[in-house]
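I opened this model to make notes on its fold and its interior. The entries follow the order in which I looked things up.

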Amino acid sequence: ALYKGTLLLRFDDTNPSKEKQEYEDAIIEDLKLVGIKPDKTSFTSDYLEVLYQYCIRMIKEGHAYADDTDQDTMRDERMKGIKSKNRDKSIEDNLAIFEEMKAGTEIGLKNAIRAKMSVDNPNKAMRDPVIYRCNLLPHHRTGESWKMYPTYDFACPIVDSLEGVTHALRTTEYTDRNPQYQWFL
């Protein structure tokens with residue numbers, strides 16, 4: 001009350017494999033137990049269309065690309081600072097693959113969208129992180145509307161900006177990803 005701030009509780013619900021209404025209810029209940037009552041509650045899933053448009057914009061501006069590299073190879077290349085074979089794919093190809101992802105097609109399922117940040121930054125969080133991936137499981141709030149979802153690292157800075165967040169309370173595991181957050185802003 002002293003600072004006239006607003007406490008926003010946002011559920012970053014962009015992975016249907018890990019989301020359930022009961023988890024959200026439990027978090028709200030746990031916060032109540034420790035005397036925390038948010039002024040507002042929101043859901044990243046309410047912004048899926050906006051985030052989709054931002055990803056299209058990033059691809060069109062040359063800041064993101066589609067990558068079908070398998071997960072182990074991608075992890076290895078990121079650790080060693082090796083550029084993905086897909087990094088210089090055309091904007092048209094990237095947009096076409098993003099639409100395949102949106103439709104959940106076989107081609108779409110083999111791809112992820114990565115931000116074109118850096119190949120060899122000493123901070124490995126800055127090495128072309130994945131920002132969109134497919135997931136065909138139904139979402140507990142949006143059903144089967146979406147076949148792909150933004151990652152937390154992509155969605156969070158954008159939704160924070162849209163919601164007017166000035167101070168985010170995050171655990172220290174995000175420290176290395178703070179420069180990534182700033183890059184997206």
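**Notebook: backbone, sheet and core**

I began before β1 (8-11), in the segment where K4 lies. The model is a predicted one. I looked up the phi of K4 and found it near 55°, a positive value in a residue other than glycine. K4 is exposed, with a relative accessible area of 73%.

**Another positive phi**

I then went to D128, which has a positive phi of about 40° and is not a glycine either. D128 sits in the loop between β4 and β5. Is D128 buried or exposed? At a relative accessible area of 2%, D128 is buried.

**Helix α1**

I checked the length of α1, residues 21-33. At 1.5 Å a residue, its 13 residues should span 18 Å, and I read 19 Å between the end C-alpha atoms, which agrees. After α1 comes G35, and I noted its positive phi, near 80°.

**The sheet**

Next I traced the strand order. Four strands form an open sheet, β3-β4-β5-β6, with antiparallel pairing. Which strands are at the edges? They are β3 and β6, each of which pairs on one side only. On average, neighbouring strands of this sheet are turned by 20° against each other, direction ignored. I also looked at what lies against the sheet: α2 packs on it and touches β3, β4, β5 and β6. The direction of α2 makes about 120° with that of β5.

I went through the pairings one by one.

- β3 and β4 run antiparallel and are joined by four bridges; here D67 stands opposite A112 in β4.
- β4 and β5 are antiparallel over three bridges; A112 stands opposite R133 in β5, and R114 stands opposite V130 in β5.
- β5 and β6 are antiparallel, also over three bridges; Y132 stands opposite P150 in β6.

A112 thus turned up in two of my entries, facing D67 and facing R133.

I then asked which residues of β4 lie on each side. A112 and R114 are on one side, I113 and A115 on the other, and all are buried, so both faces of β4 are covered. The background I had in mind is that side chains in a regular strand alternate between the two faces of the sheet.

**The largest nonpolar core**

I listed the largest nonpolar core, which has 28 residues. Which residues have the most contacts inside it? They are F98, I113, I131, Y132 and F154. The elements that give two or more residues to this core are α2 (48-60), β3 (64-67), α4 (91-103), β4 (112-115), β5 (130-134), β6 (148-150) and α6 (152-163). The most comes from α2, with seven residues.

I picked I131 for a contact list, leaving aside neighbours within four places in sequence. I131 is in contact with C55, M58, A64, I113, R114, A115, Y149, P150, T151, F154 and F184. Two of these, I113 and F154, are also among the core residues with the most contacts.

**P150**

P150 was on that list, and I followed it up. P150 is found in strand β6. P150 is buried, with a relative accessible area of 0%. Not counting residues up to four places away in sequence, P150 touches T14, L48, L51, I131, Y132, R133 and A155. One of these, Y132, is the residue that stands opposite P150 in the strand pairing. I also took the C-alpha separation between P150 and P122, which are 28 residues apart along the chain, and read 25 Å.

**Cysteines**

Last, I looked for disulfides. A disulfide is a covalent bond between the sulfur atoms of two cysteines. How many are there in this model? The count comes to zero disulfides.

Why does C55 form no bond to its closest cysteine sulfur? That sulfur is in C134, 11 Å from the sulfur of C55, which is too far for a bond. The cut-off I used is 2.5 Å between the sulfur atoms. Starting from C134, I got the matching result: the closest cysteine sulfur is in C55, at 11 Å, again too far. I checked burial as well. C55 counts as buried at 0% relative accessibility, and C134 is buried with a relative accessible area of 17%. The value for C134 is below the limit for buried, which is under 20%.

Notes:
Residues are numbered from 1 along each chain as its sequence is written. This is a predicted model: local features need pLDDT of at least 70, side-chain atom pairs count only at pLDDT 80 or more; totals for chains, interfaces and linings use all residues. Side-chain values use heavy atoms; hydrogens and water are left out. A nonpolar core is a set of buried Ala, Val, Leu, Ile, Met, Phe, Trp, Tyr and Cys residues joined through side-chain atoms within 4.5 Å. Buried means under 20% relative accessible area, exposed over 50%, partly exposed in between (1.4 Å probe, protein chains only). Contact means heavy atoms within 4.5 Å. The expected span of a helix is 1.5 Å times one less than its number of residues. Two strands pair if DSSP finds at least two bridges between them. Axes are lines fitted to C-alpha atoms, for helices over the stretch in contact, and angles run from 0 to 180 degrees between N-to-C directions.
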